[in-house]
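Here's a quick tour of a chain and its ligand. Have the viewer open as you read.

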Amino acid sequence: MADHREDLLQARIREVLDANWTGTHTVPSRTLYPHQWSWDAAFISIGLARIAPDRAWRDLRSLFLAQWPDGRVPHIVFDPGVAERDYFPGPTFWAAPARAGAAATAGPAGTTGPATTSGPATTSGTAASAPGPRAPTAAEIRSGSPTTGSTGIVQPPVHALGAWEVYRRTPDETGAAQLRWLYPRLVAQQDYLSGARDVGGGGLASIVHPWESGLDNSPAWDTALAAVPVVADLLRRHRRRDNQVGLVDHRPTDDDYARYLALAAAYRDGDYQDTHLADRHLFLVECPAFNALRGVAELALARIAEVVGGDPTGHRTRAAAITRALVDRLYDARTGMFHALDVRTGRLSPARCVNGLVPLVLPDLPGRQVTELVATLRSSRFGLTSTSAVPSYDRTAADFDPVRYWRGPVWLNMNWLLWRGLRSHGRDELAATLRGTLLDLVRRSGCHEYFHADTGAGIGAPAFSWTAALTLDLLG
Ligand code: 9WN
């Protein structure tokens, strides 16, 4: 019986991932998100590692072919075959390639086979100083940029973890060659975040837009976002598409959307430069999940460095520094969890959101924070039980909304990270409970984008890639 149920689930998952595969990359959803998204690609690779490692590598490579010369990995890589009207804001709004100086001369995105790199290194990071593989030059990164365009903002750096997981499942020579190609690019991505984006100067990266967190309308941004005026005219000039495909009640509000457009336009109009951001940009926030994932990436890079001949010690040192900075800057002992820091005001957001639990994924998190985070996870605020997974926001908050996107619903990727965190801290029983709850949820409601926080009903896009992929990983 159990086997039959697992077979059905596996078959459904494969259908979703196959249907969302374009030939060069996987889209998050055919209906809502028709391009390639950055952290989605990383989560998707972790599932594909189990059934189609070749596709997992192609997904990661196709994303990194759009990496900018300064090391940033764009949050969306636009597919030239998709009409502009099918996603907003699209390539015309972002106008990114020209601004990035990314000359468009490359072959098709997603080509397989290791690239050769030669010539002097140009980044200041670990790879450049390591005896093994070096960082690609700006020209090399540029020559890999696709003609299609991208956005100029980023998303959480889950990719080194993705690459390591794919290799770990199939540790063959093809995988090692893929790691050799990716390693310097992953290092350049980390260098960008720890350099240009350390606006607060305390060792944590700032996001310049809520979309960079991946948790678009989380209450974690409410106080910082209040500083951004709502320019209604922006929404009159640009028509939202997301709330025509998805339900209006489930998506961010118009006010939020107007602010998102204003922030994206301001960053674009500053040519996507990160200099003097503190003086001119209205949204600068240190997100606990984003930064915890930077730490996880350093630990994955240490493992990758061992395969490709890099310097693992440097990565471990950087990971430890990120964990320390997280605890020093973003932890609040009164709430027993991490909070987003508004760099402009120096204040922590009072909202208790799932991103404040994600640092549990750091294996070197001190015991005190682990104990307190686990207590918070089990409290009525997040209520992890055998029938209820972890919601995206504090269930007891007055503005908790079980259907509105990142303001209440359950998301598979966040729960998957917490599951990994629990296991890495020896909380095996609780991890097993969470795993069982998540598998039941997907069996019952399908591979939806997110789930009603009270009923578990599937909402958002119905055939969502990372839900499928991470469920596959949970199945083991
Ligand atoms: C904006 C693709 C992305 C995810 C994000 C999720 C949502 C986009 C949107 O979809 O964001 O980037 O249009 O709402 O919030 O985490 O990467 O799945």
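## Around the ligand

Sorted by class, the shell around the ligand holds five nonpolar, two polar and three charged residues. (Ala, Val, Leu, Ile, Met, Phe, Trp, Tyr, Cys and Pro count as nonpolar, Asp, Glu, Lys and Arg as charged, and the others, Gly among them, as polar.) The residues in question are Pro28, Tyr33, Trp37, Trp39, Asp40, His75, Trp211, Gly214, Asp216 and Asp242; to make the list, a C-beta atom, placed from the backbone, has to lie within 6 Å of the ligand.

A word on the source: this is a predicted model, where local features need pLDDT of at least 70, side-chain atom pairs count only at pLDDT 80 or more, and totals for chains, interfaces and linings use all residues. Numbering starts from 1 along each chain as its sequence is written.

## The chain overall

There are 21 helices and nine strands in the chain, taken as DSSP runs (H or I, at least four residues, for helices; E, at least two, for strands) and numbered from the N terminus. Of the 476 residues, 55% are buried, meaning 20 or more other C-beta atoms lie within 10 Å of a residue's own.

## H3 against H8

Now look at helix H3 (residues 53-64) and helix H8 (residues 159-169): their axes come within 10 Å and cross at roughly 160°. That makes H3 roughly antiparallel to H8 (the term covers angles over 145 degrees).

Pro53, Ala56, Trp57 and Leu60 in H3 meet His159, Gly162, Ala163, Val166 and Arg169 in H8, with contact meaning C-beta atoms within 7 Å. By class, that's six nonpolar, two polar and one charged residues.

Technical notes:
Axes fitted to C-alpha atoms, helices over the stretch in contact; angles between N-to-C directions. Parallel < 35°, antiparallel > 145°, perpendicular 65-115°, else oblique. Contact = placed C-beta atoms within 7 Å. Buried ≥ 20, exposed ≤ 12 C-beta atoms within 10 Å, placed from the backbone.
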